[in-house]
Structure formats: C-alpha cells, structure tokens
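Ready for a few exercises? Have a look at what is shown below, try each task yourself, and then go through the solution.

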Amino acid sequence: MNETMVCAVGNVATRPVHREMASGESTRFRLAVTSRYWDREKGTWADGHTNFFTVWANRQLAANAAASLSVGDPVIVQGRLKVRTEMREGQQGWMSADIDAVAIGHDLTRGTSAFQRRQRAEQTAGPAPRDRSEPNWETEPGDSADAQASIPQRQPEPAAVT
C-alpha cells in the first residue's frame, strides 16, 4: 500500500491526552513544527511559518508517549501523514494534517533523555529474566551450545587481488 511517511521535528504543543478504548490505548497531542532560516539583513536566525500536526499514537506507543511527553518537549515523530478536508459552518476548505505515529522520540540535539524500558504484564508474571549483560568476549565462553549456534559465524574475507 502506498502511504505518505513523514518525519517531523518540532515541539509538543498541547498536553498529551490518553484514552483507553475497547480497541486499545490511544494518545494524541499537537506538534508544532517551525521552520528556521538565516536572515541575511539582520545576520541572525529567524523563525518562519509554524505548521501544526495532530499526532496519534496507538497501543504501547500510546502508553509510552503519555508517560514520557510534556508540553514544550522537543520531539521527532515518524508516521503516516493523513490530510483531511472538512466542511465547517457550510464552508469547505477547513483542512487538518494528522500523523499516525509509528515512532516518537525526544530530539537529543536539544537536550538529554533517560530511557527506561517498560515491563510488559506477561513478563512480570513469568520466570525471572535471564541476565542480558554484555559478556566479556575475550574471557567468557557462551553460556550454552544453543546460544553459540545462534551466533552467525563470520566468514573469512577473500584475499585482496592486486
């Protein structure tokens, strides 16, 4: 299916609204994207036009966005662009641009963020999680033969021909 995928960099303009519905969780917020340009006459950067998008997140992304985002946060949103034209007060031409988000993250060029992995409900009820720390490859062998078998073996590189 042909879809218009976009990547928008801007600021969270409204408080994220989170809803739990029969079809699953959903969160929406407005994203303000302002272009910047170099003003040669003034010798400084200036703000251009601001575009506003309604960002929709669903399922686990919705829960994580609601828990992580606040008004003013610089974010990067990737998703499907949907432009709608509607009739309002008898006049056609009212347009809105929505982004059905597939990924949302803080813009790390403008600050820092601390990632925290969320536990799924079925993970917390199960057995204790396996240690996933990075092994010391120089001194520690693999913990089992099946784990070693799942690691792809590196093929020798062909000799260079001169």
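Two strands count as paired if DSSP finds at least two bridges between them. Keep that cut-off in mind, and remember that this is a predicted model.

**Exercise 1. Getting your bearings**

Task: Work out which elements the protein has and in what order they run.

Solution:
- Step 1. Count the elements: there are three helices and six strands.
- Step 2. Walk along from the N terminus, and you'll read β-β-β-β-α-β-β-α-α.
- Step 3. Now look at burial: of the 162 residues in the protein, 20% are buried.
- Step 4. Check the surface too. The accessible surface is about 13,100 Å², and carbon and sulfur atoms account for 50% of that.
- Step 5. Finally, take the contacts between residues at least 6 apart in sequence: 56% of these join residues at least 24 apart.

**Exercise 2. Following strand S4**

Task: Find out in which sense S4 pairs with strand S6, parallel or antiparallel, and trace the bridge partners of Trp-56.

Solution:
- Step 1. Start with S3 (residues 24–39) and S4 (residues 44–58), which pair in the antiparallel sense over 13 bridges.
- Step 2. Look at the hairpin these two strands make. Four residues sit between S3 and S4, and Gly-43 there has a positive phi near 70°.
- Step 3. Turn to S6 (residues 91–106). S4 pairs with S6 over three bridges, in the parallel sense. The pairing needs at least two bridges, so three bridges are enough.
- Step 4. Pick out Trp-56 in S4. Arg-28 stands opposite Trp-56, and in S6 the bridge partner of Trp-56 is Asp-100.
- Step 5. Go on past the end of S4 to Arg-59, which lies in helix H1 (residues 59–68). Its phi is positive, near 55°, although Arg-59 isn't a glycine. Arg-59 counts as exposed because its relative accessibility is 62%, over the 50% cut-off.

**Exercise 3. Charged partners**

Task: Say how many salt bridges a search of the whole structure finds, then look at where Asp-100 and Arg-84 take part.

Solution:
- Step 1. Here's the idea behind it: side chains of opposite charge can pair when their charged atoms come close.
- Step 2. The search of the whole structure gives five salt bridges.
- Step 3. Take Asp-100. Its side chain meets that of Arg-80 in a salt bridge, at 3.2 Å from N to O. This pair links distant parts of the chain, with Arg-80 in strand S5 (residues 74–88) and Asp-100 in strand S6, 20 residues apart.
- Step 4. Is Asp-100 buried or exposed? Its relative accessibility is 18%, so Asp-100 counts as buried, since the cut-off is under 20%.
- Step 5. Move to Arg-84. One salt bridge joins the side chains of Arg-84 and Glu-86, at 2.5 Å from N to O. Arg-84 is partly exposed, with a relative accessible area of 36%, and Glu-86 is partly exposed at 26%.
- Step 6. Arg-84 also forms a salt bridge with Asp-98, and the closest N and O atoms are 3.2 Å apart. Here too, distant parts of the chain are linked: Asp-98 is in strand S6 and Arg-84 in strand S5, 14 residues apart. Asp-98 counts as buried, at 9% relative accessibility.
- Step 7. Salt bridges with shared partners also join Glu-3, Arg-80 and Asp-100 into one network.

**Exercise 4. Aromatic residues**

Task: Describe the aromatic pair, then find out what surrounds Phe-29.

Solution:
- Step 1. A search of the whole structure turns up one aromatic pair. That pair is Trp-38 and Trp-45, which lie 5.6 Å apart, centre to centre, with 75° between the planes. Planes over 60 degrees apart count as edge-to-face, so that's the label for Trp-38 and Trp-45.
- Step 2. Compare how the two are covered: Trp-38 is partly exposed, with a relative accessible area of 44%, whereas Trp-45 counts as exposed at 52%.
- Step 3. Now find Phe-29 in strand S3. At 2% relative accessibility, Phe-29 counts as buried.
- Step 4. Look across to Thr-54. Phe-29 and Thr-54 are 25 residues apart in sequence, yet 5.8 Å apart in space, C-alpha to C-alpha.
- Step 5. List the contacts of Phe-29, leaving aside neighbours within four places in sequence. Among them are Val-12, Pro-16, Phe-53, Leu-69, Val-77 and Ile-104.

Technical notes
Residues numbered from 1 in each chain as written. Predicted model: local features only at pLDDT ≥ 70, side-chain atom pairs only at ≥ 80, totals over all residues. Heavy atoms only, no water. Buried < 20%, exposed > 50% of the residue type's maximum accessible area, 1.4 Å probe, protein only. Contact = heavy atoms within 4.5 Å. Areas by Shrake-Rupley, 256 points an atom, 1.4 Å probe, with all protein chains shown as cover. Salt bridge = Lys/Arg side-chain N within 4 Å of Asp/Glu carboxyl O. Phe/Tyr/Trp six-rings, centres within 6.5 Å; stacked < 30°, edge-to-face > 60°.
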